[in-house]
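Ready for a few exercises on reading a protein model? Have a look at the picture, then try each task before reading its solution.

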Amino acid sequence: QHYFTVLFGHEGQKPLELRCEDEVDGDEWVEAIHQASYSDILIEREVLMQKYIHLVQIVETEKVAANQLRHQLEDQDTEIERLKSEIVALNKTKEKMRPYQGNQEDEDPDIKKIKKVQSFMRGWLCRRKWKTIVQDYICSPHAESMRKRNQIVFNMVEAESEYVHQLYVLVNCFLRPLRMAASSKKPPISHDDVSSIFLNSETIMFLHEIFHQGLKARIANWPTLILADLFDILLPMLNIYQEFVRNHQYSLQVLANCKQNRDFDKLLKQYEANPACEGRMLETFLTYPMFQIPRYIITLHELLAHTPHEHVERKSLEFAKSKLEELSRVMHDEVSDTENIRKNLAIERTIVEGCDILLDTSQTFIRQGSLIQVPSVERGKLSKVRLGSLSLKKEGERQCFLFTKHFLICTRSSGGKLHLLKTGGVLSLTECTLVEETEAS
């Protein structure tokens, strides 16, 4: 009999006493438990991450050094070409002046000193003029506009990096663990509900990882920044955003229904306690993609404000901005229509008898509230018409719903349920006339 004991680091957990029939089997179990230590894995991961960061820093440093060397080589090539042209010009001048200087083998020392002073003066004047030109450009509106444009691009890269990290947390801390949970023996959530909650989330993450890598590659070629072709790649794939936005309210509704399950709610709280979530809930991460298209539109608008009209990228950036604005309008209309349908159905479900006119998709909700119905007066006498269970000889409170085509009047029973008035409960606004009596009588 070969025993071994497993002790836990936190209180309240009793130690496990286990045994094996074979000594070799027991040793293998103990060794496997040692190797499965989560703390060792974390330490190994931290060491690998430090090595990775160190290698990335080395690569970035080498890139910067390579760029500097390349620029120096280009400057040296330019300087060589300039010196060659000067040598050719001097040789031509020397050939022309040779007949006149044939008898002057030795130049006067005073003349040499004068020429040397003149050379210093010419160099000083050239440097001062060049410094003035550079300072004038630095203070010019064009240079200021280019600085702001570069800052917008740098901020865009930082925002995209943060957005990719948010999508990474959504997929790796919620979507993939919940998929595994849905495949367990006692699943707290079904695969259909997981698909409904996280529709297209993983595809959106892959798309923006590619877009972010493209942005970083463009920044590596700074000060040459070409961004329009990246948006040309992004635009045809943005229809997945339409599906995500169209599904957003439904996904939150499915998530709220799933939270009624205690097992799922407990599991979700464990996922949300992950340090990578930084205290944010799943609903917060599901909302981030909703604001990405408007953020791109604002960025392109600011970028175009600091892009000259003759710039090579202006037309492409304007085209990308127009396409994103069109997509944003379509998504806004779809969200508005979906929200209106859900609102109408929610009101229809609160009415005990139901209401068929609310099933019309063109019926738009405007407002609701409580109104006091006063007795109607005709020629100074109370009318004998009865609306609902209350006589019009006394005032009664009504719950009213105003839509674009109809006006609903309901009474509330003692149990809190709504009932349409049997007479005049549904008023068609196309057949009504609104009269405003301005006289005091």
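**Exercise 1.** Is Cys355 buried or exposed?

*Solution.* Start with the cut-offs: buried is under 20% relative accessible area, exposed is over 50%, and partly exposed lies in between (1.4 Å probe, protein chains only). Cys355 has 4% relative accessibility, so Cys355 counts as buried. Do the same for Cys20: its value is 8%, so Cys20 is buried too.

Before going on, note that this is a predicted model, where local features need pLDDT of at least 70, side-chain atom pairs count only at pLDDT 80 or more, and totals for chains, interfaces and linings use all residues. Residues are numbered from 1 along each chain as its sequence is written, and side-chain values use heavy atoms, leaving out hydrogens and water.

**Exercise 2.** How many disulfides does a search of the whole structure find?

*Solution.* A disulfide is a pair of cysteine sulfur atoms within 2.5 Å. Searching the whole structure turns up zero. Take Cys355: its nearest cysteine sulfur belongs to Cys410, 7.8 Å away, and Cys355 is in no disulfide.

**Exercise 3.** Where does H8 bend?

*Solution.* First find the helix (a DSSP run of H or I, at least four residues, numbered from the N terminus): H8 covers residues 239-258. Next, compare axes fitted to the seven residues ending at a position and the seven starting there; the angle between them is the bend. At His248, H8 bends by about 50°. Finally, check burial: His248 is among the buried residues of H8, which also include Asn247 and Ser251.

Note on methods
Helices (H or I, at least four residues) and strands (E, at least two) are DSSP runs, numbered from the N terminus.
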